[in-house]
Every structure is written in structure tokens, then in C-alpha cells.
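Trainee: Before I use this model, please give me a close look at one part of it, with the cut-offs behind each term.

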Amino acid sequence: MSCFSCCEEDDIHKASGNGSFMANTPASNTGGYGYKAREAVTRDPRPVTIQPIAIPAITVDELKEMTDNFSMKSLIGEGSYGRVYYGILKSGKAAAIKKLDSSKQPEQEFLAQVSMVSRLKDENVVQLLGYCVDGSLRFLAYEYASNGSLHDRLHGKKGVKGAQPGPVLSWTQRVKIAYGAAKGLEYLHKKAHPHIIHRDIKSSNLLLFDDDVAKIADFDLSNQAPDATARLHSTRVLGTFGYHAPEYAMTGTLSSKSDVYSFGVILLELLTGRKPVDHTLPRGQQSLVTWVLLLFNISYSPYLHNNICFTCNITIVDCIGQPQN
Ligand SMILES: Nc1ncnc2c1ncn2[C@@H]1O[C@H](COP(=O)(O)OP(=O)(O)OP(=O)(O)O)[C@@H](O)[C@H]1O
Ligand SMILES: [Mg+2]
């Protein structure tokens with residue numbers, strides 16, 4: 001998934017006077033910028049004034065030229081919402097061009113989201129550089145991450161069978177990446193206006209640039225009902241399995257803390273090099289969080305260290321550590 005959801009009574013209503021267009025924020029909700037947002041959300045039908053889009057529009061012809069007509073050679077990845085191509089923008093900047101799968105999201109709503117994202121600027125948040133709307137076609141051009149995603153680096157290219165991880169990261173690199181991610185999240189939660197809950201923090205949405213600068217990508221602004229209650233209690237859980245905060249998975253209640261939990265899962269990935277969910281591992285180890293909690297309990301629980309297992313006659317902690325039959 002990925003995407004964008006705002007978590008405050010936001011600027012959409014407050015922004016007035018200098019808006020370049022009106023968005024009527026209708027009920028359809030077919031995706032944000034990483035596009036997994038498809039839950040029904042109560043929307044306020046009142047027209048809202050949107051601030052101008054702060055990035056250039058790009059035509060389909062220009063995009064075709066940049067990507068060699070969307071050739072396989074230019075393809076750099078594929079997510080659940082479409083393919084991603086490499087291209088050089090008119091400005092000379094390298095870009096990752098996301099061709100979004102066909103969406104029924106109304107154009108004005110899409111443009112309202114582009115407007116909001118276009119004004120987000122932080123050194124640890126991936127910058128939107130351009131956009132294109134042409135009939136049902138939608139494209140977003142983001143700054144190009146020269147070192148791919150953290151997922152690709154730790155676990156191999158996502159979705160590519162047999163893909164190998166990149167060179168092992170040093171501890172210094174890992175700390176720098178974690179710090180960048182934390183700063184990016186802090187920006188979204190505390191400094192961006194309106195504040196943003198990302199909703200899909202995961203290693204494939206943490207992109208790596210030169211010198212191990214990490215930037216957060218693909219937040220979802222699709223669920224931006226002006227009514228905060230509707231926004232924060234959507235009827236369907238978004239995000240990605242393995243990264244969900246338990247309370248979010250169980251109740252669908254969103255808060256910035258859900259993002260912080262997912263960030264914690266990324267930290268565990270950075271520390272262990274393991275995927276959040278890995279079905280190739282033995283049972284009991286497949287969920288990274290559960291496995292780490294077990295290790296933590298084993299290391300620190302006085303009960304496990306001080307009590308003897310009746311069957312084996314050794315401490316419980318040693319008994320747990322024994323191979324299973
Ligand atoms: N800005 C970028 N710079 C460089 N590579 C990128 C960029 N954005 C995406 N990619 C590459 O394209 C792949 C697909 O990205 P996309 O965001 O569409 O999906 P995802 O985050 O991997 O997964 P999902 O769609 O399930 O959330 C990424 O894994 C990454 O390798
Ligand atoms: Mg992504």
C-alpha cells in the first residue's frame with residue numbers, strides 16, 4: 001500500500017483565497033499515493049478550496065519520451081498500485097515515475113492530494129517532483145532514490161524471485177538510516193501542515209539516497225475526510241501485514257502511534273536483517289516481532305532463569321533453547 005492520511009482538522013478547509021481549484025472530496029476513495037486506501041469513509045460533501053499545486057504538470061508525451069515509452073529497460077520496480085519507471089525530468093533531475101493503475105478516483109480529489117503533497121518539504125521525506133493527469137491516466141514523479149529501498153537492500157528486490165540483498169550495512173549506516181526515518185516521521189507527524197499519518201511505514205517505503213540518507217515515501221492522503229473522527233476510525237485496516245500496530249489491526253483506529261509501531265518494526269529489521277514476516281523460517285520465528293519478544297522475555301525473565309523445567313530438570317530458559325523434536 002502506501003499513501004497519505006491527514007490527522008488534524010486540516011488546511012483544506014482553512015486554505016482559502018489563494019486556491020487554484022476546488023475539490024469536492026467525494027466519497028469514492030480509490031487510493032492515495034501508494035494507493036491501498038480503499039476503505040469507505042464518510043466524506044464531507046462541501047466544496048473545499050485547495051492551495052495551488054507547487055510542482056509542474058508533465059504531459060503523457062513527455063513521460064513517454066523520458067521512459068523510452070515505458071520500456072522494460074526503464075522499469076525500476078512494481079508495487080501493488082502500478083509500475084515505477086526511471087526518467088530524467090526537464091529540470092534535469094532523475095525521477096521515479098509511478099504509473100498508477102487505473103483509478104476511479106475523481107480528478108479533483110487526486111489533484112487535491114497532489115497539491116498537498118507537493119508542498120511537503122523535508123530532507124527525510126521523498127519529494128514529489130511532478131504529476132500527470134490525462135483522462136483516467138495518473139502519474140506521479142518522485143525524486144529518484146539512487147540506492148533503492150531499504151527492503152531491497154536488506155532482503156533483495158521486492159517481488160523479484162531469488163533477488164539477493166545488497167552489501168551488508170555497517171552499524172553506522174544502520175543508525176544513520178534509522179535516524180533519517182525517525183526525522184522524516186517526525187516531520188510528517190509534527191511539522192507538516194496538516195499533520196500526516198503515513199499509514200504504511202515499511203522498509204520498501206524507506207528509500208535510500210547517497211551517503212545513506214533515508215527518506216520516507218508513499219504516504220497516503222486519500223483518507224482526508226475533513227471530519228477527523230471519520231478519518232481516524234475508518235472501517236478497513238490499511239497498511240502492510242507484519243507492520244500493523246495491534247490496536248490498529250484490531251480496531252482500525254489510527255493514530256500517529258500506529259506509524260511509530262511500524263517504525264519500530266523497521267528498527268527490528270535493521271537490527272536483525274530479518275523480514276517482518278518470513279514463511280521460510282521455522283514456526284515460532286516467522287513473525288519478527290513475536291520472535292524478538294520471545295528472545296527478550298527469555299533474556300530478561302527471572303521466572304525463566306530461576307525455575308526448573310519438571311520434564312528436563314534444567315532451567316526453563318535452557319529448556320526453551322533446546323531443539324524441538
Ligand atoms: N523514488 C524512488 N526511487 C527509486 N526507486 C523507487 C522509488 N519509488 C519506488 N521505487 C522502486 O520501485 C519499487 C515499487 O515501489 P512502490 O512504492 O510502487 O511499491 P512498494 O512500496 O515496493 O510496495 P507496495 O505497493 O506493496 O506498497 C520499490 O520497491 C523500489 O524498488
Ligand atoms: Mg512504496
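Mentor: Over residues 224-236 the pLDDT (the predictor's confidence in each residue, from 0 to 100) stays under 50, and the model has 40 contacts there beyond four places in sequence, a contact being two C-beta atoms, placed from the backbone, within 7 Å. Residues 1-44 likewise stay under 50, with 172 such contacts, whereas the chain averages 80 and 77% of the residues score at least 70. This is a predicted model, in which local features need a pLDDT of at least 70 and side-chain atom pairs count only at 80 or more, while totals for chains, interfaces and linings use all residues. Residues are numbered from 1 along each chain as its sequence is written, with chains lettered from A and ligands numbered from 1 in the order in which they are written.

The part I would look at closely is the hairpin of S7 and S8, which has two residues between its strands and in which Gly135 takes a positive phi near 60 degrees. Strands here are DSSP runs of E with at least two residues, and helices are runs of H or I with at least four, numbered from the N terminus. Strand S7 (residues 128-134) and strand S8 (residues 137-143) run antiparallel and are joined by six bridges, where two strands count as paired if DSSP finds at least two bridges between them. Tyr131, for instance, has Leu140 in S8 as its bridge partner. Five of the seven residues of S7 are buried, so this strand is largely enclosed by the rest of the structure; buried means 20 or more other C-beta atoms within 10 Å of the residue's own, exposed 12 or fewer, and partly exposed in between, with C-beta atoms placed from the backbone.

From Ala141, one can step across to Gly87, which is 54 residues away in sequence and 8.8 Å away in space, C-alpha to C-alpha. Gly87 lies in strand S5 (residues 82-88) and is buried, with 24 other C-beta atoms within 10 Å. Leaving aside residues up to four places away in sequence, Gly87 touches Leu63, Met66, Thr67, Ser74, Ala95 and Ile97.

For comparison with a helix, 10 of the 12 residues of H3 are buried, among them Phe110, Leu111 and Val114. The end C-alpha atoms of H3 (residues 107-118) are 16 Å apart, which agrees with the 16 Å expected at 1.5 Å a residue, that span being 1.5 Å times one less than the number of residues.
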